[in-house]
Every structure is written in structure tokens, then in C-alpha cells.
Amino acid sequence: MNPKDFITTKLFSSKAKIRILMEPFIGKSKDGYYQSVAEFVRRRLGQEFLDYAINPFVSGVFAGDPENLSVKSAFPKLYRLEEVYGGLFKGMIKGAKERKKRAEKSKQSAAMFSFKNGMSVFTKKLCDVLGNDILLNHRVEEIKKDNQNYVVVTNVNGEKKEIKTQSVFITTPAYVAAEILKNMDGYLFNQLSTIYYPPVLVLNVIYRKDKLGQVLDGFGFLIPEKEKKSFLGAIWNDSIFPNRGDENFASFTIFVGGARQSKIFENDLNEVINQVLSEFEQIMKIQSQPESIKYKFWEKAIPQYSIGYVEKEFAINTFEQRNRGIFLGGNYRGGISIGDCIKNSEIHFERLSNFVRNNLFIEYRREIN
Ligand SMILES: Cc1cc2nc3c(=O)[nH]c(=O)nc-3n(C[C@H](O)[C@H](O)[C@H](O)COP(=O)(O)OP(=O)(O)OC[C@H]3O[C@@H](n4cnc5c(N)ncnc54)[C@H](O)[C@@H]3O)c2cc1C
């Protein structure tokens, strides 16, 4: 949190702290485009920082494995700090000064958000605003080119319907976009359909507060791979979002699997849950059974921006240039967090609006001529 905390923390050995302080003296890498997050961090900050800070952090954000994620695509800001400023410390100091000049807020200090009644409030509100303009239960199966237009083929309870349009904004998962556009671009299909989405099991458990041996004095915890536990980490929901639960009970969200531990699901799911809860109860010093257990299994959870992701980004950009009026968005492009998805939607919406405005203008010119 500050230099004094860094020196006194027991989270890292003295050797690791000295290695971290050497960061400003480490040079740039030559092949940054194909560098993993692990290689980048090992080189700049050392193995221990990778094992005990970055490895759990990456599993918390991407449910990912730092050895396979591309630093350029998954953490572009980190990559840019080295590219632009020559190092992370130098970049953070200079970047903070530049932000101060622009009176801009750092992302680290931006507030965490949710809704009192859960995230579905957001989509329900969008639905209310769009009203009859939104067509529900229309599964898009294909998009075809038809002269200057596109035909969106949908499946509504087994019945095919076609919608003719000049522009389309596709925000399905990448593997669905791949299928939808398969007949238009085989190269794009290959690139999008090979984006890896590892499985994640999300467990929601509730215990009586008086049975907890651990004080809930944080957000929760993430587990470094080296600790060899059968889950990735847990969120202490009442600490992050107070006033949601009952004062006598504590609720937790536990994450299992991801790219680091996808093989765990080769075992029986009930066995996995029992093993995870037994380890969780040991860590949290809980002396009783949970009052409630709910779970959701995400077979394809989060897209991994793996090494070589630049080629997928290139394929998407090229496809959009060749097929004017089609825009691709969603969490496989430009960031996986809800915040990034919202920010990128605004960017793509702006591009789409410009396209529609230009088209209207061209049509108008054609008519008056
Ligand atoms: C377990 C888990 C925990 C997460 N936790 C956080 C967190 O704490 N904070 C955070 O910022 N992010 C978190 N994320 C990431 C974030 O939730 C996602 O990256 C984000 O919601 C993705 O939004 P999206 O619109 O790209 O995709 P989605 O929300 O997946 O939307 C895709 C849409 O496409 C629709 N669709 C699919 N196929 C078709 C078709 N053929 N025709 C028409 N429509 C179709 C689907 O119905 C869906 O509505 C988490 C993700 C997971 C899996």
C-alpha cells in the first residue's frame, strides 16, 4: 500500500524485495508481441513476485494461467509502461504525473460497483429502455452478405427468420461469432473458434457468523498455484457489499477451475465441491457445515488472451475493414471486465453511429443527384 508496508510486509522474502527494487534497471524485451505474462514478470520483477502476486492475481481476473496469457493483449497497460517509459516503476511515476496534469483519475482509485439487487438489474434496465425494439429468444445462426446489405438469419423456436440490414454489431461470445460468420470468412472462423474459454465453477456458500474462526477483515483471498489447493480463491461478499446479507450469516463466493485447474472437472462434481469446502473451512477456521450451498458451472467462462492473441486481433480488424458495417465486440476484444466491456461498447457504438450517419449522407447525395 505504501513504501513502509512494502519493506515490512511478510508476504515477500528480503531477496524478493531486493529483486523487485531492481526493476528500474531491467532493459526492454525484444520480442514483446509473443511474450507471456509470466515471462514478462519473471524478467522484470523476479520469480517470487510472479508466484505470490501475479499468479493469484491473474487467476482472480482471467481465471487464467500467466504462463499462457499474452502480456500485450491481456495487460496492455503493463506492456505499454515498458514500451513507452522503459519500465514499470518509471512508467507509474511518470504516468501519475501526466494524469495529474490532465486531472484524470487512475483506474486503481476508481470505485468498485454493483447493484443492490444484483447485476441482473443492469440487463433488466437495458431491456426496459429498449422496450419493443429488442427481439428476445432470436438465436442468430448466420450472417450473409447480400449486395450492400447483410441478412441476419435467426432461429425463433425452430422457425427461421431473416432480417435485412446495413449494419450489425455482434456481441456474442467469440465461438458463437465464429459460427455466425463462418461462411463469410474462414480465416476469422479459425481465429475466433480457437480462443480458449476454460471452465469455472462458482460456489456460493453461507455459514453462521458465530462459527467462523477468521475475522472478515478483507475482500477475501486468492491462492497462489504453488500452495496446491483445489480452488482459486474466495470473495467475502459481506465485506465488499455490506447490507446485502443477514447480520448472523456470512456469505462467500468461491471460484474453482479456470485455466490453471481445468482438469479438476474430470472428477465427479460433488467430490470436487466436498474437497473445496473442506479446504475452505480449514483456511477460514470454520467449525460447522454450511447453511446453504449453491453453485453455477460455467463450461466456457472467460476468454483467454493467450500468447499470439495479436493474430486474432489482426483477423478481427481485417474482417471489419473488408466487411464495412459489421462490428465485433464483447469480452474477447479489448478487456474482459464489465468496466472494459461497457467502455468498449461505447467505442464500437460510436464507430457504428458514424457508419450509419455516413451511409445516410451517401444515400441523401444519391437522391438529390
Ligand atoms: C464466473 C465469472 C465471474 C466474473 N466476475 C467478474 C467480476 O467480478 N467483475 C468483472 O468486471 N467481470 C467479471 N467477469 C467477466 C465479465 O462478467 C464478462 O467478461 C462480461 O460479462 C462479458 O460480457 P459480454 O457482453 O461480452 O458477454 P456475455 O455477457 O456472455 O453476453 C453474450 C450474449 O450473447 C448472447 N448470445 C450467445 N449466442 C447467441 C446467438 N447465437 N444469438 C443471439 N445471442 C446470442 C448470450 O445470450 C449473451 O447474452 C466474470 C466472468 C465469469 C464467467
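A backbone N or O atom of I338 lies 2.8 Å from an oxygen atom of the ligand, a pair that falls within the limit used here for a polar contact, namely N or O atoms within 3.5 Å, with the further conditions that within protein one atom must be able to donate a hydrogen and the other to accept it, and that residues adjacent in sequence count only if both atoms are side-chain atoms. The protein covers 55% of the 1000 Å² of accessible area that the ligand has on its own, where accessible areas come from the Shrake-Rupley method with a 1.4 Å probe and, for residues, only the protein chains shown count as cover. This is a predicted model, in which local features need pLDDT of at least 70 and side-chain atom pairs count only at pLDDT 80 or more, whereas totals for chains, interfaces and linings use all residues. Residues are numbered from 1 along each chain as its sequence is written, and side-chain values use heavy atoms, with hydrogens and water left out.

Two further backbone approaches to the ligand can be described: a backbone N or O atom of N331 lies 2.9 Å from an oxygen atom of the ligand, and a backbone N or O atom of V140 lies 2.9 Å from a nitrogen atom of the ligand. The elements that contribute two or more residues to the surrounding shell are β1 (139-146) and α14 (338-368); helices (H or I, at least four residues) and strands (E, at least two) are DSSP runs numbered from the N terminus. In total, 17 residues surround the ligand, and the closest are V140, G330, N331, I336 and I338, a residue being included if one of its heavy atoms lies within 4 Å. By class, this shell has ten nonpolar, six polar and one charged residues, where Ala, Val, Leu, Ile, Met, Phe, Trp, Tyr, Cys and Pro count as nonpolar, Asp, Glu, Lys and Arg as charged, and the others, Gly among them, as polar.

For the chain as a whole, the model has 14 helices and ten strands, and its C-alpha atoms fill a box of roughly 75 × 55 × 40 Å, taken along the principal axes. Buried residues make up 39% of the 369 residues, with buried meaning under 20% relative accessible area, exposed over 50%, and partly exposed in between (1.4 Å probe, protein chains only). The accessible surface of the protein chain comes to about 22600 Å², of which 54% belongs to carbon and sulfur atoms. Among contacts (heavy atoms within 4.5 Å) between residues at least 6 apart in sequence, 65% join residues at least 24 apart.

Strand β8 (residues 249-257) offers a route into the strand pairing, and seven of its nine residues are buried. Strand β5 (residues 200-208) runs antiparallel to β8 and is joined to it by nine bridges, L201 having V256 as its bridge partner in β8; two strands are said to pair if DSSP finds at least two bridges between them. Strand β7 (residues 233-236) also pairs with β8 in the antiparallel sense, over four bridges, with G233 partnered by F255 and I235 standing opposite T253. Residue I235 is in addition the bridge partner of G220, within the antiparallel pairing of β6 (residues 220-222) and β7 over three bridges.

The loops around these strands hold several residues that can be examined singly. V215 has its place in the loop between β5 and β6 and counts as exposed because its relative accessibility is 59%; its C-alpha atom is separated by 9.8 Å from that of K285, 70 residues apart along the chain. K228, in the loop between β6 and β7, is likewise classed as exposed, at 71% relative accessibility, and has a positive phi of about 50 degrees although it is not a glycine. N147 lies in the loop between β1 and β2 (149-156), has a positive phi of about 55 degrees, and is exposed, with a relative accessible area of 68%. Most residues other than glycine have a negative phi.

S73, by contrast, counts as buried because its relative accessibility is 7%, and it lies in helix α5 (residues 71-74). The side chain of S73 makes a polar contact with the side chain of E313 (3.4 Å), and, leaving aside neighbours within four places in sequence, S73 is in contact with Y305, Y309, V310 and E313.
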